[in-house]
Amino acid sequence: MIISLLHILLAGIILVLIPVSAGNALVSVLKLKKNIALLYVSGWLLIWAVFQLITVPLVMKKVSFTIAFIVLTILTAIFCVYGICKRNFIHITFSDYKNSEKTAVICMFVLIAALLLVTLMTQHTDADDSRFVVNAVDMLRTDTMYLSNPATGNIQDSFVREVKKDVTAPWAVFIAWCARLTGVHATIMAHTVLPIILLLAAVCVWWMMSEVFFGDHLIYRSLFLDMVLFLSIYGHFSIYTEECFLLTRIWQGKAVIAGVGIPAAYTIGCWIYDEGKYQYYILLFFLNLSMCLMSGMGVIIGTLMMGCMGMVYGISKRNWRVICILWMFCIPNIIYYGLYRFLH
């Protein structure tokens, strides 16, 4: 029992260090100001975007899961090694923390946020396993991708029924990849490890969003994070709320869209609107591809968000070039939707 818990803990540590290292690589290349939240989120965006670009063709070619695992692992390792070689993960200065009273208040808010996050994790229950986890388990069992019937376990020659829409949004491949990489069973990975990993990503996005609202006021930002966590805990009044998906099934791709993808798109969109740096467009492009990986719903939502952000920015700033750029981001979404519609 103790060995199993240590194994799960080690898996969680690995899945935290991987995005931080990959994020350091991406943020270093983009020359953005580093902080732990940005490194963690941008690392996952880079990995998820690459997974989407690589996995969909491999799934459609019906190659084995082992080949996909090797290719994706090598690419992820390259990102991590480059990020580690860059060093200087976070630059921390203490000039803003000389006021002891201010520091005490900030520490109190951070502690409350940490306690609320733990409470959020303990409220986790599992639902809707009928296809998502089964697909990941079958990939490891049969060494195929989406060629087994999740209801019977029988191998098929084509993509049919519910599985068909997962071909262009292969989130289960990511779950299976995490399971094989860490040696943790896919079911345990989905229900125990990934909820913590993905909740941390959601919290990091909320922390970045707080900077959009409150700038460098750390007390207000900490209070904002506490309030969002409170709402997440007590907003589970319906199975259709974002809080329900966050608490009960964050390991599902569509829940990651609600908990991480949409808030991140709003945050990066605000950065683009306020500063207009080209680096933020790259992050937004990676986010759009990540949402396509998470769910077929992400293909549609990503298109709508890119289109709306381009329209709002272009009209308010009278910059039609931005409209063209953001609308061009929708091209992969159109391709994936077309593949889904005409896939046999």
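**Stop 1: a salt bridge in α5**

Select Arg141 and Asp138: in this predicted model, their side chains meet in a salt bridge, 3.2 Å from N to O. Both sit in helix α5 (residues 132–142), 3 residues apart, which puts about one helical turn between them. An α-helix has 3.6 residues a turn, so residues three or four places apart point the same way. Now switch on a surface. Which partner is buried, and which is partly exposed? Asp138 is the buried one, at 5% relative accessibility, whereas Arg141 is partly exposed at 49%.

**Stop 2: the other salt bridge, then α12**

The salt-bridge count comes to 2, so there is one more to pick up, given the 4 Å limit on N to O. Go to Lys277 and Glu275, where the closest N and O atoms are 3.5 Å apart. Here Lys277 is partly exposed, with a relative accessible area of 36%, and Glu275 is partly exposed too, at 46%.

Next, select residues 278–294, which make up helix α12. From first C-alpha to last, α12 reaches 25 Å, and its 17 residues would be expected to give 24 Å at 1.5 Å a residue, so the two values are close. Colour α12 by accessibility: 14 of the 17 residues are buried, so the helix is largely enclosed by the rest of the structure.

**Stop 3: the aromatic rings between α2 and α7**

Show every Phe, Tyr and Trp ring. How many aromatic pairs does the count come to? The total is 19. Start with Trp44 and Phe174, an edge-to-face pair with 5.5 Å between centres and 90 degrees between planes. Trp44 belongs to helix α2 (residues 36–60) and Phe174 to helix α7 (residues 171–182), so this contact ties together parts that are 130 residues apart in sequence. Trp44 is buried, with a relative accessible area of 1%, and Phe174 is buried with a value of 1% as well.

Then add Trp48 and Trp171. This pair is edge-to-face, with centres 5.6 Å apart and planes at 65 degrees. Again α2 supplies one ring, Trp48, and α7 supplies the other, Trp171, so parts 123 residues apart in sequence are tied together. Trp48 counts as buried at 1% relative accessibility, and Trp171 does at 3%.

To see the wider picture, select Tyr40, Trp44, Trp48, Phe51, Trp171, Phe174 and Trp177 in one go: ring pairs link them into a cluster.

**Stop 4: arginines over rings**

Pick Arg180 and Phe69. Arg180 lies over the face of the Phe69 ring, 5.6 Å from the ring centre.

Now jump to Arg221, in helix α9 (residues 218–234). What does the charged end of Arg221 sit over? It is the ring of Trp207, with 4.2 Å to the ring centre. Keep Trp207 selected and show its backbone: the backbone oxygen of Trp207 lies 3.0 Å from a polar atom of the Arg221 side chain. Add Glu211 to the view as well. Arg221 is buried but has no salt bridge, and Glu211, the nearest side chain of opposite charge, is 4.3 Å away. The cut-off for a salt bridge is 4 Å, which is why this pair is not counted.

**Stop 5: Ile323 and Met306**

Move to helix α14 (residues 320–328) and find Ile323. At 5% relative accessibility, Ile323 counts as buried. Draw a distance from its C-alpha to that of Met306: the separation is 8.9 Å, with the two positions 17 residues apart along the chain.

**Stop 6: two positive phi angles**

Finish with the backbone. Select Lys62, in the loop between α2 and α3 (65–86). Its phi is near 60 degrees, a positive value in a residue other than glycine. Lys62 is partly exposed, with a relative accessible area of 41%.

Last, select Tyr146, in the loop between α5 and α6 (161–164). Tyr146 is not a glycine either, yet phi is positive at about 65 degrees. Is this residue buried or exposed? Tyr146 is buried, with a relative accessible area of 3%.

Notes. Residues numbered from 1 in each chain as written. Predicted model: local features only at pLDDT ≥ 70, side-chain atom pairs only at ≥ 80, totals over all residues. Heavy atoms only, no water. Helix = DSSP H or I, 4+ residues; strand = E, 2+ residues; numbered from the N terminus. Buried < 20%, exposed > 50% of the residue type's maximum accessible area, 1.4 Å probe, protein only. Phe/Tyr/Trp six-rings, centres within 6.5 Å; stacked < 30°, edge-to-face > 60°. Lys NZ or Arg CZ within 6 Å of the ring centre and 35° of its normal. Lys, Arg positive; Asp, Glu negative; His and termini not counted. Polar contact = N/O pair within 3.5 Å; in protein donor to acceptor, adjacent residues only side chain to side chain.
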